[in-house]
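Biologist: Could we go through the contact between two of the chains together, with the cut-offs stated as we go?

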Amino acid sequence: MSQKIQQAPIPTIPLGARIQRWVGRNLIKIYAFIAFTYLFIPVAYTFAFSFNDSGKSNLIWKGFTLDNWRNPCGAPEVCNALGNSIKIGLIATIFSTILGTMIAFAIGRHKFKGRSTSNLLIFLPMATPEIVLGASLLSLFLVLEINPGFWPTVIAHIVFCISFVVVTVKARIASLDPKLEQAAMDLYANEFQTFRRVTLPLVAPGIAGAALLAFSLSFDDFIITNFNSGTLTTFPKFIYISAARGIPAQANVIGSAMFFLALTLVIVGQLANRRRVR
Amino acid sequence: MTKASIEARGDLRLTRLTKSYGDFTAVDDLSLTIPKGSFFALLGPSGCGKTTTLRMIAGLEEPTAGSIYLGETDITTTKPYQRPINTVFQNYALFPHLTIFENIAFGLRRRGKSDVKEAVEKVLNLVELPHLAQRKPTQLSGGQQQRIALARAIVNRPALLLLDEPLGALDLKLRRQMQIELKWIQKEVGLTFVHVTHDQEEAMTMADTIAVMNEGQIEQMGSPADLYDNPETAYVANFLGQSNLIKGTISGNDGDSQIVDLFGQKISLPKSRSHAVDNSTYAGIRPEKFRISLLETPVKGNVLTGGRIEDVSYIGVSTQYQVEMPWGQELMVFEQNDDGVAPFKKGDAVNISWEPAFTFGLRGDEDATAGSEVAPEVLDEE
Amino acid sequence: MRKIRTPYLLLLPGFAFLFTFFILPIINLAQTSTQTRIPGGDTGQYEQTLRFTNYFDAFIENREQFTRSFVYALLATLLALAISYPLAYAIAFKSGKYKNVLLVLVIAPFFTSFLLRTIAWKQILGEEGFVVPTLRTFGIISDSTTLTSTSFAVVMGMTYNFLPFMTLPLFASIDRIDPKTLEASGDLYANGITTFRKVTLPLSMPGVVAGTLLTFIPAAGDYVNAAILGSPNTKMLGNVIESRYFRVVDYPTAAALSFTLMVAILILVTLYIRKVGTEELV
Ligand SMILES: Nc1ncnc2c1ncn2[C@@H]1O[C@H](COP(=O)(O)OP(=O)(O)OP(=O)(O)O)[C@@H](O)[C@H]1O
Ligand SMILES: [Mg+2]
């Protein structure tokens, strides 16, 4: 019996069938690869055109140069706009993370009257299109005779970032095992020590993620900014405005640099985090 | 009050402790005393309120009514961190962001103890895991995590250690090994242990005192031998091991014994072991206390005649017989395979006898199947 | 006592902020929407006349853009869902130790400004890009067909820009599924498709709901993609509101349109959440 099996010729699968089987087994990976390609085509394009020796309008490939990277602030206003974006982003991130985290703890850790109303109030800004948020804030500032500019923009950014922070941090709090806090209390930690030694360290990755999300939302925001910034230029606004007469290649340099910077930061953060868990 | 409570020592006393969730009563008017230094087991089926009781003792749940004393100190409303009580949680609840060392040091640091390092190392040696001090909890096996959870609690030298099914997640071999270790550690450090389990064998082998809990109440409390030999309720008789309960009527007295009529046959039962409240009773006998004999063989003690062997199962160390009695009930008999007497065959007509002192008497109005592993009613419903 | 106050104290600063800079503006917006121009006044001067027909006028005048906003947003949402679901699934279940790296890659394009990327699409798909000439060479599109300035380009741009908003919540809920439940389903005689329909999909529903909302809502209010990739024939409600504010300085109409958009979205979202029944999002 066993001899017969040994003697049987090893069946050869035709190449076509093998390819078909490989595709079948890896279909979802192939799909993911295509999706990533779709995501990165414009990023790659932006990166490539940051090396374009284009002069003013960066529309057509004219030749390779490193000049744009050597002198990223070469185009007028671009670095000023970037600086504004970073400043607004940082301030908005700090405030929205603090306010949002407090709300997340209130909703995620306490039972109180008005909890579902609170949830609704958090959900509303997310369900309101940016253009409505921006336009309504602008009308308020006009009524209050506050001129659009830096601080109105910061305020507008905090408004739409808070909800995202709350949702992110709340998810993290919800995934926390309440037994851990009880164990801390059981081991002589009072309410504050329990929060400081157990709850906060365990929720921290969620807060960091929320802050990162808030910063990227703020940094990349155009619509709300456009309504509330008046004459102040941010990086996205700079691009939008210069799109009409041609975007300088320096904008591509900054966009690409931000991309790589963020990538590096996140990966370093991930590695550090992994080491810490270990 | 705050400082005093943490220094409290002595017996743990629960008086009329009650916990309700809405109109459901999880723990119902529970009173008991756990002597200092004892190994106390709380035994009962799933959902009977064991965890709830422990959580109230630990201060993680507020009682609806009743009070908790440790020695002379009332700790009913004391915060968990102000009680000299530590818990080994059902799923360990080790802090994932801290190393094993810091997990164990947690309680000591919160109380500002000075010799943290020394104490942690000592307890790590006690649980035989000193080499794991710098690891994170996720890098430990289930059994190792369990021992760390234990170390994290006992390092604080609490007056009372609460263990909520700490061995539930372990395989049988590790479980047996940990039972021995736990018992040893309890003797070694001399703490009061309150151990929750629904494994009756575990409770029997480890505890000085067992309380059998059912539907939020204590059915009976006593030493393992007490509970086994002289159960007071059908529930305890069936939950701890197996019992034969035969319906009967108390027909008279004979000195220290009662005469009980079991379907026309008279047996005797020590008065001290009778828990009946009126004439109607159940006579209870553990299966291994029975002796089987052929009709012609003379026997002593209590005898029931007219049995017929219905089923024989040989299980090595003993043989298990089902004997059908004239009134239709099947009795379970375990016979040691130690003497040379040939085992009985299916269909043999036999007598059943036993030492009168092994008989226990229950109230006649009880449900004789309460606490059995497979309640017949449940089967009928299918 | 302290226990009862804690949550309110935690909520107070955030909610005070949201009340001042979110609720008040919305109320103000509602007020503006019924104003009319002061007869003989300057541009931008309005008085409250409670003229509710502002809504009617604004809607009639812009119903085409209104419809377009919702149709485009719906298309972009469905496309993003179709692209994101397998992507999120692949990252959650098929990426092994590269899971985190791939996740970062989904978010990374955020940091190249979305405007730069949208303009990149415009140039890639434009007459000078490589796509159009290639397609023409192979005769797939005629010489007169363009890709930019079309509905196709606008929807594609929106799909592209909101893709991470769809992928991340989807990933979060798919990643939470215990692979053992899928194995159990297979063990209980479900084939791949049945397992997906009966186990994977229901368990990932919170992610689907969150993702579709986070895509649909901003898409319905978007005007940047239409402005960059579209033509006057692809204008959305956002474009109208923007131009009413900045070019025409017709605040009441802009406010009426904004308010209508917001209410329409809220109604749709409420119906949607009712239908699919999830509380996890909020
Ligand atoms: N927060 C709660 N709300 C409502 N009912 C509860 C709550 N906690 C526990 N119960 C109920 O109280 C009863 C006792 O629960 P408890 O956890 O004490 O059981 P247990 O004896 O520890 O069971 P097990 O052996 O399964 O752990 C159960 O019926 C349970 O459903
Ligand atoms: Mg329990």
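Modeller: Buried area is the accessible area (1.4 Å probe) that two parts lose on being put together, summed over both. This is a predicted model, in which local features need pLDDT (the predictor's confidence in each residue, from 0 to 100) of at least 70, side-chain atom pairs count only at pLDDT 80 or more, and totals for chains, interfaces and linings use all residues. Side-chain values use heavy atoms, with hydrogens and water left out.

Biologist: What area is buried between chain A and chain B?

Modeller: Contact, meaning heavy atoms within 4.5 Å, takes in 20 residues from chain A and 27 residues from chain B. Carbon and sulfur atoms give 61% of the buried area, which comes to about 2,200 Å².

Biologist: Which three residues supply 36% of the area that chain A buries against chain B?

Modeller: No other three residues of chain A supply more of that area. They are A:Asp186, A:Leu187 and A:Tyr188.

Biologist: Which side chains meet in a salt bridge across this interface?

Modeller: A salt bridge is a side-chain nitrogen of Lys or Arg within 4 Å of a carboxyl oxygen of Asp or Glu, and the rule finds one between chain A and chain B. At 3.1 Å, N to O, the partners are B:Lys79 and A:Glu191.

Biologist: Which element gives the largest share of the side of chain A that touches chain B?

Modeller: Helices here are DSSP runs (H or I, at least four residues), numbered from the N terminus. Those giving two or more residues to that side are α8 (178-186), α9 (191-219) and α12 (249-277) of chain A. The largest share, seven residues, comes from α8(A).

How values were computed
Residues are numbered from 1 along each chain as its sequence is written. Chains are lettered from A and ligands numbered from 1 in the order in which they are written.
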